[in-house]
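Trainee: Got a minute? I'd like to go through this structure with you.
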Amino acid sequence: MISPAFASILASGRAQFNGRAEEARRRFPSLDMAAFGAFLHDGVDPLVVAVAAAAPERAGGVTLAAYDMALELVGHGLAGPAAKNPLLNSVWRELAPSFAPLLATAPVEVLGMLSNAAIHIASVAGARPAQWQRELAALAAQIATVAQLRAVGQVLAWRAGVAHFRLGALAAADTLPPALALAAFGEPAAHWPQVYAQLLANPWRGNAEGREFGSFSGLGGAFGTPPQVRATNDGFVVRSAERHYLLVADACGAVLHSATAQEFEQAPNGQPSSVRVDGASLHIGARSIVLDVPPGDIAIAANAHTVAITSPWTHAIRLLPLA
């Protein structure tokens, strides 16, 4: 059963809500009204209860906005028991109620922002949506405006593995109150200008070990053949089985985008003098790393921050920080 607060609002505006549902059924002929009812119970009711407790005079307006958006999301198959994106259900049920004061003043903006973020993060292979949701909920009490929510959400999406958000997330973080920016990075006792400068200069800050990316596509991985890699300022252009990609990687994650054969051919094929391979060992300046691939035909590519190692014996790319 739904809460008394939600039931009362639905009953008082029954004709209006029924009319909106009928209009949605015309726009979405496959709209599953049972799924919509389930989402009202599981996703909308918790946030209505939270707003009714925080700002009861706003509960009706929030309910109307949430009802309309719920119809849209369920109509597109994005929310409800059989949703394409289960994260969205969790965000409405568990995360959105944490932002009751903001929902009371800007329900469309807040719900739209949280929903779009959930859809995007869940679509990024290798991202960690549960981490994003957990960390954003933990900071909810410190977020006072919609602009702050947008900035913190972007920072936490980057930290949850959406690597191509890095520069945008840093720019957004620099608009926040320093205490909130530091909290978003889990460094509440640090000095924000110093942390910001370090993060901007070093994409691998906090991760000296680097990461491995990719595996055989026949086992659910990204590459049909062992990849070849060339460096660019933004990441690495990758060729595998006549397909081309842009790999963006940093301390928080790695994301693969589509690229073209021309981009691969135009990418430089050199490497810095400070990086060399000797047998199965990689030397970066004074550091030596033993690689877990057979010696011979090991290829390396490097940009200003990262070295990528490939071998004809593996479908994975090993990524290591240069600093």
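Mentor: Sure, we'll take the pockets and then a sheet. Keep in mind that this is a predicted model.

Trainee: What volume does the largest pocket have?
Mentor: About 360 Å³.

Trainee: And how many residues line the largest pocket?
Mentor: There are 18. Arg 166, Leu 167, Asn 233, Asp 234 and Val 248 lie nearest its centre. Two elements, α10 (166-173) and β4 (243-249), give two or more residues to that lining.

Trainee: Which element gives the most?
Mentor: α10 does, with 3 residues.

Trainee: How does that lining divide into nonpolar, polar and charged?
Mentor: The largest pocket has 7 nonpolar, 8 polar and 3 charged residues in its lining.

Trainee: OK, now the second largest pocket. What is its volume?
Mentor: About 240 Å³. Its lining has 17 residues, and those nearest the centre are Gln 228, Val 229, Asn 269, Ala 299 and Thr 310. Strands β2 (228-231), β9 (299-302) and β10 (306-310) each give two or more residues to this lining. By class, the second lining holds 9 nonpolar, 5 polar and 3 charged residues.

Trainee: Switching topic. In what order do the strands of the open sheet run?
Mentor: The order is β6-β7-β8, 3 strands with antiparallel pairing.

Trainee: Why is one side of β6 and of β8 left without a neighbour?
Mentor: β6 (275-278) and β8 (287-290) stand at the edges. Each has a single partner strand, so one side has no neighbour in the sheet. From one strand to the next, the twist averages 20°.

Trainee: How many bridges join β7 and β8?
Mentor: β7 (residues 281-284) pairs with β8 over 4 bridges. For instance, Leu 282 has Ile 289 in β8 as its bridge partner.

Terms used. Residues are numbered from 1 along each chain as its sequence is written. This is a predicted model: local features need pLDDT of at least 70, side-chain atom pairs count only at pLDDT 80 or more; totals for chains, interfaces and linings use all residues. Side-chain values use heavy atoms; hydrogens and water are left out. On a 1 Å grid over the protein atoms alone, a cavity is a set of points where a 1.4 Å probe fits but cannot get out, and a pocket is an open set with protein on both sides within 12 Å along at least five of seven lines; lining residues have an atom within 4 Å of a point. Grid points are joined across faces, edges and corners, and a volume is the space filled by probe spheres set on the points. Ala, Val, Leu, Ile, Met, Phe, Trp, Tyr, Cys and Pro count as nonpolar, Asp, Glu, Lys and Arg as charged, and the others, Gly among them, as polar. Two strands pair if DSSP finds at least two bridges between them. Axes are lines fitted to C-alpha atoms, for helices over the stretch in contact, and angles run from 0 to 180 degrees between N-to-C directions.
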